[in-house]
Amino acid sequence: MASLSLIDVHKRYGSTAVLDGVSLEMEKKEFIAFLGPSGSGKSTLLRIIAGLETADSGEVWLDGRRIDGLTPGDRGVALVFQQYALYPHMTVRENMAFGLRNAKVPASEITTRIEQAARTLEIDQLLDRKPGQLSGGQRQRVAIGRAIVKAPKLFLLDEPLSNLDAALRNRTRVELAQLRQRVDAAVIMVTHDQAEAMTLADRIVVMSDRSIQQVGTPMEIYDRPANRFVAGFVGSPAMTMLPVTLDPSGNADAIVRLGNGTLIATQIKREELTGETSFDLGLRPESVTVAAVGAGTLDAEAVIVERLGDRTLVYARLDDGSEITAVDRGDSKLHMGDRLGLLIDGRSAHLFGSDGSGYHAEQTI
Amino acid sequence: MSAAATRNRLPLPALIGVVIGAAIMVAPLLWTLLLSLKSNSELMRDSAAALSPPYTLGNYRDILAGSDVPLWLLNSLIVSLGTTAAVLLLCSLAGYGFARLDFPCRRSLFIFVLLGLAIPEQAVILPRHQLFASMGWHNSYGGLILPGLAAPFGVFFMTQYFRAIPKDLDEAAMLDGASRFRIFWKVLLPLSLPAQATLGVFTFLGSWNDYWWPLISATTSDKYTLTVGLASSQMNYAQTSGLGFLMAQAVFASIPILIVYIIFQKQIVGAMAGAATR
């Protein structure tokens with residue numbers, strides 16, 4: 001049985017639709033990330049699950065119980081706020097105890113739960129301090145601790161790492177991954193950071209334009225993006241899109257022709273491409289490697305060269321003006337303005353139809 | 001000298017200006033205190049005698065022994081503390097409602113409350129007097145306290161303060177299973193203590209110093225507040241025949257205010273500074 005079920009959830013603010021028929025099934029102990037740009041409706045969906053917003057229509061079920069008519073405190077969910085929302089006038093201990101006292105949990109059990117959570121999160125030295133005396137990272141742990149002590153069926157994390165500096169963010173990301181192994185609950189995290197979603201989540205729900213664009217494991221999302229939006233949003237740098245036409249040559253697998261006439265053989269089944277002849281060819285940077293001028297699939301000019309140490313990203317411009325991102329070795333000798341050849345690996349290429357639908361090679365996963 | 005001390009040191013001309021300003025402010029107060037410590041007979045001869053000993057506490061003994069001043073002091077305390085407590089309660093509740101609750105006509109009602117700021121007391125004093133007279137509320141503590149409870153500024157002040165508290169805290173408390181009242185009582189009210197202190201101090205001072213309404217409402221000596229009582233004792237020739245006693249009364253009357261100031265100095269200065277920089 002699913003832990004959480006969302007059934008056809010709709011939400012409008014005045015005349016503006018925010019969620020347009022969202023449905024989702026979530027397994028017990030699953031970690032799901034809602035990933036999407038600002039305004040995609042992911043935070044609203046989280047707040048509807050938490051009970052802080054009311055859906056205009058639709059149902060929310062948790063562990064077989066319909067919860068969309070219940071108050072937030074009765075739903076069995078805990079939310080870690082983006083800004084932590086710790087009660088500033090209470091000590092860490094009081095912050096963690098507040099919800100338990102409201103639920104009339106016996107004092108001795110409150111103490112036990114707090115001490116246990118504090119040990120797990122290594123905040124046992126901070127229990128008598130107030131939030132104002134804590135660093136950002138410590139506040140984050142207290143906010144998580146406040147959620148843990150309630151032993152919820154579902155944890156909701158609203159952009160949990162966005163207020164931390166880069167170093168602390170990486171550390172906390174690892175800690176969150178460890179934490180989820182210890183808690184006996186499902187987790188939903190809202191984020192606009194794809195690295196967070198890719199590294200932490202079992203499945204990612206990519207949201208945009210008021211609805212779910214794709215639900216899948218991180219690698220499914222990356223390797224088989226359902227549509228042009230997902231392909232462009234997930235992956236950094238973004239997938240290059242080049243207009244192509246379907247070439248009549250080729251048998252089972254589609255061969256496409258770039259604007260300059262270059263043919264690229266893909267491993268996408270021709271029979272899947274329903275009648276259309278014009279597509280966008282989607283290329284991840286790792287599908288495009290740098291070669292000597294004239295030795296690749298086509299030539300281009302380096303516009304920006306980003307040296308990342310282990311590899312070099314080359315943003316290049318083709319002769320027809322379209323832009324493409326390629327990968328070179330870490331010790332690349334390329335400079336801005338250099339001519340270079342680009343070797344396109346059509347086996348991992350994607351095609352996107354006029355309605356944005358994605359087509360992929362079968363064996364890429 | 002530390003860096004902070006160097007930074008905070010005033011330039012000499014400014015320092016001189018501040019000292020002169022302070023002297024101008026303090027001189028009348030000091031003069032009042034000195035006069036209160038001299039016997040009336042000495043002051044009748046020459047009020048400059050206040051500048052030299054001997055000094056006496058005789059005037060203060062007279063206040064405590066024979067006059068109605070202790071009773072008026074008690075009345076003022078009851079009225080001021082009662083007004084302050086009720087204003088804080090009502091303004092906090094109203095402020096919370098305007099800041100956090102969603103109800104029909106909230107905005108219009110808030111504007112209606114704010115319009116109260118534009119109505120001077122003089123405009124309503126007669127109908128209020130008639131109303132209180134018809135209800136038989138004059139010469140009662142209730143009659144003295146009740147008009148002070150209409151505090152549009154307090155409602156506005158608390159509304160703005162509650163609005164500035166992040167809503168995340170309410171939502172966190174909702175997820176923690178707290179009822180609406182418990183959120184108000186356990187989360188927002190404790191967080192609004194600085195605002196409560198500021199509003200409380202100003203309400204107390206305003207009520208303590210109020211003269212006009214008590215003058216109208218309290219017509220018998222046993223219900224006089226200190227301001228009305230002191231004014232009533234300034235009969236003809238009081239300035240000459242009982243100057244020391246008069247000044248002792250003034251000093252005596254200011255003691256509670258002084259205590260309030262000492263306790264709430266931080267809030268008063270903070271509120272002034274806030275008003276200046278806002």
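**Exercise 1. The hairpin**

Which residue in the hairpin of S1(A) and S2(A) takes a positive phi? Find it, then trace the pairing around strand S1 of chain A.

*Solution.* The model is predicted.

Step 1. Look between the strands. The hairpin of S1(A) and S2(A) has 2 residues there. A:Gly14 takes the positive phi, near 65°.

Step 2. Follow the two arms. Strand S1 covers residues 4-13 of chain A, and its pairing with S2(A) is antiparallel. The pair is held over 8 bridges.

Step 3. Pick out partners. A:Leu4 stands opposite A:Met26 in S2(A). A:Ser5 stands opposite A:Glu25 in S2(A).

Step 4. Turn to strand S4 (residues 57-62) of chain A. S1(A) and S4(A) run antiparallel, joined by 5 bridges. Here the bridge partner of A:Leu4 is A:Leu62. A:Leu4 thus has A:Met26 opposite in S2(A) and A:Leu62 as partner in S4(A).

**Exercise 2. The sheet**

What is the strand order of the open sheet of 4 strands in chain A, and which strands are its edges?

*Solution.* Step 1. Write the order: S2-S1-S4-S5, with antiparallel pairing. Strands of a sheet pair through backbone hydrogen bonds.

Step 2. Find the strands that pair on one side only. They are strand S2 (16-26) and strand S5 (65-66) of chain A, the edge strands.

**Exercise 3. Chain A against chain B**

How many residues does each chain give to the contact, and which salt bridges and elements can be named at this interface?

*Solution.* Step 1. Count residues. Chain A gives 21 and chain B gives 15.

Step 2. Take the area. About 1,600 Å² is buried between chain A and chain B, and carbon and sulfur atoms account for 64% of it.

Step 3. List the polar links. The interface of chain A and chain B has 2 salt bridges. One of them joins the side chains of A:Lys150 and B:Asp176, at 2.8 Å from N to O. There are also 10 residue pairs in polar contact across the interface, both residues at pLDDT 80 or more.

Step 4. Assign the chain A side to elements. Helix H1 (42-50), strand S6 (77-80) and helix H2 (92-102) of chain A each give two or more residues. H2(A) gives the most, with 4 residues.

Step 5. Sort that side by class. The side of chain A that touches chain B has 12 nonpolar, 5 polar and 4 charged residues.

**Exercise 4. Two domains in chain B**

Where do the domains of chain B lie in its numbering, and what makes up the interface between them?

*Solution.* Step 1. Set the bounds. The domain assignment gives domain 1 as 12-56 and domain 2 as 67-277 in chain B. Their centres, taken over C-alpha atoms, are 32 Å apart.

Step 2. Count the contact. Domain 1 of chain B brings 8 residues and domain 2 of chain B brings 10.

Step 3. Take the area. The two domains of chain B bury about 680 Å² between them, 75% of it from carbon and sulfur atoms. On the domain 1 side, B:Thr32, B:Ser36 and B:Asn40 lose the most area to domain 2. Together they make up 54% of what that side buries.

Step 4. Check for polar links. The count of salt bridges between the domains is 0. The count of residue pairs in polar contact is also 0, with both residues at pLDDT 80 or more.

Step 5. Map the domain 1 side. Helix H2 (12-36) and helix H3 (40-45) of chain B each supply at least two residues. The largest share, 4 residues, comes from H2(B). By class, this side has 4 nonpolar, 3 polar and 1 charged residues.

Technical notes: Residues numbered from 1 in each chain as written. Chains lettered and ligands numbered in written order. Predicted model: local features only at pLDDT ≥ 70, side-chain atom pairs only at ≥ 80, totals over all residues. Heavy atoms only, no water. Domains from an automatic or database assignment. Contact = heavy atoms within 4.5 Å. Buried area = accessible area lost by both parts, 1.4 Å probe. Salt bridge = Lys/Arg side-chain N within 4 Å of Asp/Glu carboxyl O. Polar contact = N/O pair within 3.5 Å; in protein donor to acceptor, adjacent residues only side chain to side chain. Nonpolar A, V, L, I, M, F, W, Y, C, P; charged D, E, K, R; others polar. Pairing = 2+ DSSP bridges.
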